[in-house]
Amino acid sequence: ELPIKVCGPGYILVKMYQQEMNRVIHLVNLTGCNKNPGYLDEFIPIGPIKVSVKLDGKIPKFAELKVTGSRVETKLDGQYITFEIDSLIDHELIVL
C-alpha cells in the first residue's frame, strides 16, 4: 500500500518527507501546466483535495497548512490519517 493518497481534481505533484518527528507533505498544483516545456500561464485553483497518510504511530489531531497559515482537523480512517484541503492555488506545505 502507498504511504500517501491524494484525491481531487486537477494534476497535483505530491512529495512526502520525514523531518525529525514530523511528516512534511508538499503539494504542487500543476493543473494547466504545459508538459513541454513546462510553462504555467495562470494558476487554476483546484479542490477540495482529500489527503490520506498511512499511520506511523503518531496520530496528530491537526494538519498544519504552512502556506495558507491554517490548520485542518485530521480523522482516523483505518490505517490512515485523513484530512481535506478546500482549495489549492499554487502549492501547500503540510506538517503532520
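A salt bridge is a side-chain nitrogen of Lys or Arg within 4 Å of a carboxyl oxygen of Asp or Glu. The structure discussed here is a predicted model.

Q: How many salt bridges does the structure hold?
A: Side chains of opposite charge can pair when their charged atoms come close. One such pair joins arginine 23 and aspartate 56, and another joins lysine 66 and glutamate 64. The number of salt bridges in the structure is two.

Q: How far apart in sequence are the parts that arginine 23 and aspartate 56 tie together?
A: The side chains of these residues meet in a salt bridge, at 3.3 Å from N to O. Arginine 23 belongs to strand 3 (residues 22-29), whereas aspartate 56 sits in the loop between strand 4 (49-54) and strand 5 (62-65). The pair therefore links parts whose separation in sequence is 33 residues.

Q: Is arginine 23 buried or exposed?
A: A residue counts as buried when its relative accessible area is under 20%. Aspartate 56, its salt-bridge partner, has a value of 40% and is partly exposed. For arginine 23 the relative accessibility is 13%, so the residue is buried.

Q: What distance separates the closest N and O atoms of lysine 66 and glutamate 64?
A: Lysine 66 is partly exposed, at 45% relative accessible area. Glutamate 64 is also partly exposed, at 33%. The two residues form a salt bridge, and their closest N and O atoms are separated by 3.0 Å.

Q: Which strand gives the most residues to the largest nonpolar core?
A: This core has 16 residues, and Ile25, Leu27, Ile49, Val51, Phe83, Ile85 and Ile94 are those with the most contacts inside it. The elements that contribute two or more residues are strand 3, strand 4, strand 5 and strand 8 (80-85). With three residues, the one that gives the most is strand 4.

Q: Which residues does valine 51 contact, leaving aside its neighbours within four places in sequence?
A: Valine 51 is among the residues with the most contacts inside the largest nonpolar core. With those neighbours left aside, its contacts are Ile4, Lys5, Val6, Ile25, Leu27, Ile81, Thr82, Phe83 and Ile85.

Q: What is the C-alpha to C-alpha distance between isoleucine 94 and leucine 65?
A: Isoleucine 94 lies in strand 9 (residues 91-95) and is buried, at 0% relative accessibility. Beyond its neighbours within four places in sequence, its contacts include Arg23, Glu64 and Leu65. Isoleucine 94 and leucine 65 are 29 residues apart in sequence, and their C-alpha to C-alpha distance is 4.7 Å.

How values were computed: Residues numbered from 1 in each chain as written. Predicted model: local features only at pLDDT ≥ 70, side-chain atom pairs only at ≥ 80, totals over all residues. Heavy atoms only, no water. Helix = DSSP H or I, 4+ residues; strand = E, 2+ residues; numbered from the N terminus. Buried < 20%, exposed > 50% of the residue type's maximum accessible area, 1.4 Å probe, protein only. Core = buried A, V, L, I, M, F, W, Y, C linked by side-chain atoms within 4.5 Å. Contact = heavy atoms within 4.5 Å.
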